[in-house]
Amino acid sequence: MIDRLIRLKNGSPFFGALIRTIRFPVDCLLLVYGATYHKLFGLTPKISHLALVRVFIFTDGKMNDLISFFLSIVYPPLHLHSLSDGLLGGVAESEYHEIQSKLEKDGYYVLENRLSAQYCEKLEAKLSDLSYQIRGDKLKPEELARLYKYDRSNIIAPHYVLERNAVTSLSEVQELISDPVLIRIAQSYLRSQAIFTGLTLDWTPPLGGIKDDAAAQLYHWDMERIKWIRFFIYLTDVDHESGPHCFVKGTHLSGSIPRNLINRGYARISDEEVLNVFGATRILEFVGKKGTIVIEDSRGLHKGLGAISKERLLMAFELSNSTFGNNKRHTITKIHSPRFRDLIAAYPRLYSNFDFNEV
Ligand SMILES: [Fe+2]
C-alpha cells in the first residue's frame, strides 16, 4: 500500500502535490511536538527534523523565515562591542554593512586571506597524528566504521573527516570560534543570537576530480537547522585543481529553487541541470589563498568540487539561530583559550551545542 502511494506520488505531479498538501498540517504538528521536546530535553526527535525538511520544501522556505522571525524576537542579538579584537582583527562598520547586504542579496561573502598563513600552518601541523573517518560512495560499512590516518602515500577515500570532538579540542579552533567578528556577522544575518553548530575539519585528497555523493561533491541544499550561516575556512591554498567550494548565487532565498528541483528533497542535482536552470553567471567557484573565509547560507545550492591534482584542507562551521534539527553535539574536554573560557561564561547560548566535560 505504502509502496503504491510512493509510486503514485513520484509518478504523478497531481498526486505528489495532493499528498504533500495532506501531509503539511501533520508536519506542522510534528514541528510543535519537536519544539516542545527540544525545549525540555535539548534534542530534536528525528521525525520532527524530517518534518522540518518537508515543511521547508512545501513552503519554499517561508516557514523557516517565519520561525526565524519569532526566534529573533525571543533571542535578539547580543551586544559584543566591548570585546577586544580576535584572530580576524578589526572590521570597519562599512564592511559589516557590505557583508550584511551581500549575504542577504546573494547568499555569500568572501573574506580574502583573513587568517594568517602562520595560523593555518600551525593548525595543519597538529593534524598529522590525528585519526579521521573516511567518506565515499564506494566504501564498505566496515571501512566507514574505522578510523584512519591521512596517509598521502595510501589514499583510500575521497574525503577524510576529523572526528568532531577532536575538532573542537584544537586550541586554534577554540580561538577562532571566540572571534567577535564572526559572531557579529552571524548575529546580523540571523537577526538573533547565534549558536555554534556543525564544526568540521577535513581533507579532500587529489583524485582527478571524481564526483562523490557521500563527500558532498554534487549540488545539494542543507537543512540541518532552521536558519544558519556557514563559514568555510581554507587552510591550504585553493584553486581549481584543489576542489574549491561552489555556490549558486541567490538560491538561499525563499522560492528561489524551482519547484521540480526542491521537491526532490535531499537528492543531489547534476552540474548540467544546475547550469541549465540557473545559468553560468550564477555558478560561483571560490578560489583563494590559505586563510580565506567563504561565508555562505548553505540553504542555497552548493557543493565541494572534487580535487584534481592538489589536496584541500577545510575547516567549516555554522552559527545557527537554534539547535533544533540535527542532534550532532560537540564535547569539549579541555579549554585551551582564555578568550573562549570568558565567552562561554558570558554568553552561554553561543556554545549551547557543546557539552563541557573537562578532565
Ligand atoms: Fe552541504
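How many residues of domain 1 are in contact with how many residues of domain 2? Here are some notes on that and on the rest of the chain, with the reminder that this is a predicted model.

1. To take the opening question straight away: 11 residues of domain 1 are in contact with 8 residues of domain 2. Contact here is a matter of C-beta atoms, placed from the backbone, lying within 7 Å, so please keep that cut-off in mind when you compare the counts with your own.

2. As for where the two parts sit, domain 1 covers residues 1-58 and domain 2 covers 80-356. Between their C-alpha centres there is a distance of 28 Å.

3. Which helices supply the side of domain 1 that touches domain 2? Helix 2 (13-41) and helix 3 (46-58) do, each with at least two residues. Helix 3 gives the most to this side, namely 5 residues.

4. You may also like to know the chemistry of that side of domain 1. Its residues comprise 6 nonpolar and 5 polar ones, with no charged residue among them.

5. Turning to secondary structure, the chain holds 13 helices and 12 strands. One piece to look at in your viewer is an open sheet of 3 strands, arranged in the order 7-6-9 with antiparallel pairing. Strand 7 (283-286) and strand 9 (302-304) are its edge strands, and each of them pairs on one side only. On average, neighbouring strands of the sheet are turned by 20 degrees against each other, if direction is ignored.

6. Within that sheet, the pairing of strand 6 (residues 245-248) with strand 9 is antiparallel and runs over 3 bridges. If you want a residue pair to click on, try C246, whose bridge partner in strand 9 is K303.

7. How does the radius of gyration of the chain agree with that of a compact globule? For 359 residues, a compact globule would come out near 21 Å, and the chain has 20 Å, so the two agree. Along the principal axes, the C-alpha atoms fill a box of roughly 60 × 50 × 45 Å.

8. Two totals round off the picture. Buried residues make up 38% of the 359 in the chain. Among contacts with a separation of 6 or more, 85% come from residues 24 or more positions apart.

How values were computed: Residues numbered from 1 in each chain as written. Predicted model: local features only at pLDDT ≥ 70, side-chain atom pairs only at ≥ 80, totals over all residues. Domains from an automatic or database assignment. Contact = placed C-beta atoms within 7 Å. Helix = DSSP H or I, 4+ residues; strand = E, 2+ residues; numbered from the N terminus. Nonpolar A, V, L, I, M, F, W, Y, C, P; charged D, E, K, R; others polar. Pairing = 2+ DSSP bridges. Axes fitted to C-alpha atoms, helices over the stretch in contact; angles between N-to-C directions. Rg over C-alpha atoms; globule rule 2.2 N^0.38 Å. Buried ≥ 20, exposed ≤ 12 C-beta atoms within 10 Å, placed from the backbone.
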